[in-house]
Amino acid sequence: MEYIAIVLSAILVNNIVLAQFLGLCPFFGVSNRISTAAGMGGAVMFVMTIAAIVTYMISHYILIPFDLIYLRTVTYILVISSLVQMVEIILKKVSPPLYQALGIFLPLMTTNCAILGVAILVIQNEYTLMSGVVFAIAHAIGFTLALVILAGIREQLELVNVPKGMRGNPVILVAAGLLALAFMGFAGIV
Amino acid sequence: MAKRESTFFNMVMALLVITFIASASLGFIYELTKEPIEAARAAKKNNAIRSVVPVFDNNPSEEEYRIEVSGGELVFYPAKKDGELVGTAVETFTNRGFSGEIILMVGLLPDGTIHGIEVLEHKETPGLGDKMESDKSDFSVQFEGQNPEDFRLRLRQDGGDIDGITATTISSRAYCEAVELAWKVYIDKDADVSYELPAKEEAIDRVLPGFANNPVMEEFQVVYEGKVYNLYPGRRGRNFTGTAVESWSESGYIGNIRLMVGFNQEGIITGVEVLEHNESANYGDLIENARSDFYKQFVGRDPSGEVLKIREDGGVIDGISGATVTARAYCEAVQTAYEVYTRGERN
Amino acid sequence: MDQAKNFTKGLIRENPVFILMLGLCPALGTTTSAFNGMGMGLATMFVVIMSNIVVSLIKNFVPSKVRIPCYIVVIASFVTIVDLVMAAFMSPLHEQLGLFIPLIVVNCFVLGRAEAFASKNTLWSSIIDGTGMGLGFTLALTLLGASREILGSNAIFGFQFLQADGMLVFVLAPGAFIALGYLIALANKLNK
C-alpha cells in the first residue's frame with residue numbers, strides 16, 4: 001500500500017518535471033522526437049535507480065555514522081558523475097545494443113538535477129532502501145512520461161502556424177504549462 | 001605557466017589536493033555555522049510555542065514529553081509561570097493534508113481550551129492550502145478561546161463549528177483533525193500527569209471512615225520493634241471510628257514505600273493510600289490508587305485471619321505483573337501497619 | 001576582450017535563463033515570489049563568482065583529463081557553504097528554497113561558466129564574467145518571480161497592492177512555465 005502511494009504520487013501528483021521542476025534541461029533539450037525522449041527516459045531510470053541505491057549506502061554507512069552530512073552535496077555529485085562514467089564503460093563492454101540506445105544520453109546525466117534531486121529526497125524523506133528504490137523508479141517513470149508527452153506535442157507543433165514572436169522556446173514552455181495544468185487534475189488522489 | 005600533463009600522478013595529486021582543501025574548508029565552515037543553525041531551529045520552535053500559549057517564564061523545550069500515537073508521536077511543551085502550569089504547547093500532525101503531512105503547534109490551557117495555533121510545516125498548495133498559516137488568513141482565529149468540550153472541531157459541512165477555507169476542504173479538514181488529536185491526547189494524558197500523591201491530611205481523610213475530629217491534631221507515636229510510627233485517631237463525638245497508621249517498607253524496588261493505612265475498631269482495613277514511592281513508571285507506580293485497583297484488594301480484609309501477601313508468597317493478594325518486588329514491599333508495609341496498630345506500645 | 005561588453009553580455013544578450021535556457025529548474029521552482037527569486041539568484045551568483053575565481057586560479061595546476069571533477073568539487077564546496085550559511089542566518093528563506101540550494105551544483109550554467117570561460121581566461125575577466133552572468137540570472141529570476149507574484153497574488157516583494165485574490169495559476173506550477181514562456185518571447189523581441 002505504501003509503495004502504491006509512493007508510485008502514484010511520484011508519477012501523477014508530484015510529477016518530478018511538471019510539479020517539482022527537476023530535470024528541466026533534458027525535458028526541453030531532448031524532447032523534439034518521441035524516440036529520443038524514450039531513450040532519455042530509459043537512461044534516466046537506469047542511472048537514477050543505481051544512484052539512489054549508492055547514495056543511500058553512502059549516506060547510511062559513511063556520512064551519518066561519522067556526522068559528515070554537510071559533505072552530502074560534494075560526495076553525492078562526485079559519486080553520481082563517476083557512476084555515470086562507470087555505467088558508460090560497463091554498458092559499452094557488456095551490452096552494446098543497450099549502449100547504442102542509451103549511450104549518447106549518459107554524459108548528460110551528471111548535470112541532470114533530477115538525479116541528484118531524487119537522491120537527496122530519498123534521504124530527506126527517511127525512506128528505507130526498498131522504498132527509496134521504488135521512489136526512484138517511480139520518479140523516472142514520471143520523468144519519461146512527461147518527456148514523451150511533451151515530445152508528442154512538439155511533433156504536432158511543428159505542423160502548426162505559431163505567431164512569430166512565440167516560435168521556438170516560448171510556445172514549448174506554454175505547452176508545458178498547459179501539460180502541468182492537466183497534471184494538476186491528479187492532485188489529491190493519494 | 002605551462003599546463004600540467006595528464007599523467008596518472010598529476011591527476012591523482014590534483015584531485016587529492018582539491019578534495020582535501022575542499023573538505024577541510026567545509027569542515028571549518030560547518031563548525032562555524034553549527035551553533036547558529038541549531039539556534040535558528042530552536043528559535044523557530046520557541047517562537048511557535050510563545051505565540052500559542054500565555055506568557056511563561058520556564059523553558060518548555062527542557063520539560064518536553066512525548067506520547068506515542070498511531071502514525072507518530074506528539075510532543076508536549078509545558079509552559080509554566082512561577083512554577084504553575086499556564087498552558088501546554090502540543091506539536092501535533094496529520095498525514096491527511098492535500099499534499100501530505102501537516103505539522104501544527106497547538107496551545108492548550110490547562111482546562112483544554114485552545115489558546116492559539118501555528119503551522120510549523122506543510123506542503124499544501126500556495127495560494128490555497130497555505131491560507132491555514134496564521135499570517136495568511138483568519139482561519140486559525142476561529143479556534144482561539146474555544147474548548148473542544150463544547151465546540152465541535154469539524155467543518156460546517158461535516159456538522160461542526162469551523163468555517164473551512166474556500167476551495168480548500170481537504171486541507172481545512174486535516175487541520176481540524178490535527179487539532180483534535182492534540183486536544184484528545186492532552187485531555188487523556190492530563191488526568192494522568194496532574195495526579196499527585198495525596199498529602200498526609202488528604203490520605204487520612206480517604207482511609208478513615210466517618211470521623212469528625214482532626215486526627216492530625218491528635219497524632220501520637222507508637223514504638224514497634226525499635227522504630228517510631230505516627231498514628232492518627234479518628235473520632236466522632238466520644239467514639240473512636242478508627243486509626244490511620246503511617247508505615248513504610250524499605251524493600252521497595254527503588255527505595256522506601258510509605259503508606260497510610262486505615263483500621264477500624266475491629267482491626268479491619270478501611271483504606272490504603274500511597275504517600276511516597278520511587279517505583280518505576282508504568283510498573284511499580286501501579287500501586288498508586290489513581291493508577292490501578294491494586295489497593296482495593298486490601299480494603300475490608302482482616303489481617304489477623306488472612307495472609308496479606310502476594311499469591312506467589314502464599315497470600316491472598318494478586319501481585320502487579322512486572323512489579324513483584326514493589327507489590328511485596330507494599331504488602332509488607334500494610335502488615336507492619338497492622339502490627340503497629342495492634343501491638344505497638346504507646347510512646 | 002572589452003570588459004564592459006564582457007559584463008553586460010550576461011544581462012540580456014546571453015542571459016542564462018531567457019536566451020541560453022540554462023538553469024531552468026531553480027528559475028521555475030523558486031520563483032513563487034520576487035523575493036524568493038532574488039534570493040535564489042543571489043545565492044547562485046555567489047557560487048558563480050567564487051567558483052569562477054577559484055577555477056581561473058587553479059586552471060594551470062589541473063590536468064585537463066580530470067578538470068571536470070575538480071571543477072565540480074570546487075562548485076559543490078561553495079554550494080555547501082551557501083547552504084550552511086543560509087541555514088544559519090536566513091533560515092526562513094532557506095526553508096522556502098529547500099532542495100534547490102544543493103541543486104545549484106547541477107545548474108548547467110554554473111559549470112558552463114567554469115568550463116567555458118574561467119578555465120580559459122584571466123582572473124579579472126573571470127570575475128567580471130561571473131558577476132555579469134550572476135546578475136543576469138538574478139535579474140531573470142527576480143523578473144519571473146515578480147511577474148508571478150503580481151499576477152498570482154496581487155503583490156510585489158510581499159507588498160499587497162490589491163486586496164483581492166489573484167490569478168492563482170501563476171503561483172502554481174503551470175503558471176511558472178507559461179510566465180517564463182511569455183518572458184522569453186519578450187526577451188527575444190528586445191534582443192532584435
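In what order do the six strands of the open sheet in chain B run? I began with this point, keeping in mind that the model is a predicted one.

**Entry 1: the sheet of chain B**

I traced the six strands in the order β10-β9-β8-β7-β6-β11 of chain B, and I noted that the sheet is open and that its pairing is antiparallel. At the edges I found β10 (269-276) and β11 (345-346) of chain B, each of which pairs on one side only. I then followed the pairing of β10(B) with strand β9, residues 255-263 of chain B, and I counted six bridges in the antiparallel sense. As one of the residue pairs to look up here I took B:Gly262, whose bridge partner in β10(B) is B:Gly271. For my own reference I added that strands of a sheet pair through backbone hydrogen bonds, either parallel or antiparallel.

**Entry 2: a hairpin in chain B**

Next I turned to strand β1 (residues 65-69) and strand β2 (residues 72-81) of chain B, which run antiparallel and are joined by five bridges. Looking along this pair, I saw that B:Glu68 stands opposite B:Glu73 in β2(B). The two strands, β1(B) and β2(B), form a hairpin with two residues between them, and in the turn I noted B:Gly71 with a positive phi of about 90°.

**Entry 3: domains of chain B**

I looked up the domain assignment of chain B, which gives domain 1 as 60-193 and domain 2 as 200-346. For the distance between domain 1 and domain 2 of chain B, I recorded 44 Å between their C-alpha centres.

**Entry 4: chain C against chain B**

I then listed the contact between these chains, to which chain C gives 27 residues and chain B gives 26 residues. The area buried between chain C and chain B is about 2,200 Å², with carbon and sulfur atoms giving 76% of that area. On the chain C side, I found that C:Asn60, C:Pro63 and C:Leu84 lose the most area to chain B, and that together they account for 24% of what that side buries.

How many salt bridges are there between chain C and chain B? I counted one, and I noted that B:Lys44 forms a salt bridge with C:Glu95, with the closest N and O atoms 3.3 Å apart. Across the interface of chain C and chain B I also found one residue pair in polar contact, both residues being at pLDDT 80 or more. The elements that give two or more residues to the side of chain C touching chain B are α4 (67-89) and α5 (91-97) of chain C, and the largest share, twelve residues, comes from α4(C). Sorting that side of chain C by class, I obtained 18 nonpolar, five polar and four charged residues.

**Entry 5: chain C against chain A**

Finally I looked at the other interface of chain C, where 36 residues of chain C are in contact with 37 residues of chain A. Here the area buried between chain C and chain A is about 3,000 Å², of which I attribute 86% to carbon and sulfur atoms. In chain C, the residues that lose the most area to chain A are C:Leu99, C:Val106 and C:Phe177, together 22% of what that side buries.

Between chain C and chain A I counted zero salt bridges, and zero residue pairs in polar contact with both residues at pLDDT 80 or more. I listed α2 (24-29), α4, α6 (108-118) and α8 (173-191) of chain C as the elements that give two or more residues to the side touching chain A, with the largest share, eleven residues, coming from α8(C). The residues on this side of chain C divide into 29 nonpolar, six polar and one charged.

Definitions and conventions
Residues are numbered from 1 along each chain as its sequence is written. Chains are lettered from A and ligands numbered from 1 in the order in which they are written. This is a predicted model: local features need pLDDT of at least 70, side-chain atom pairs count only at pLDDT 80 or more; totals for chains, interfaces and linings use all residues. Side-chain values use heavy atoms; hydrogens and water are left out. Contact means heavy atoms within 4.5 Å. Buried area is the accessible area (1.4 Å probe) that two parts lose on being put together, summed over both. A salt bridge is a side-chain nitrogen of Lys or Arg within 4 Å of a carboxyl oxygen of Asp or Glu. A polar contact is a pair of N or O atoms within 3.5 Å; within protein, one must be able to donate a hydrogen and the other to accept it, and residues adjacent in sequence count only if both atoms are side-chain atoms. Helices (H or I, at least four residues) and strands (E, at least two) are DSSP runs, numbered from the N terminus. Ala, Val, Leu, Ile, Met, Phe, Trp, Tyr, Cys and Pro count as nonpolar, Asp, Glu, Lys and Arg as charged, and the others, Gly among them, as polar. Domain bounds come from an automatic or database domain assignment. Two strands pair if DSSP finds at least two bridges between them.
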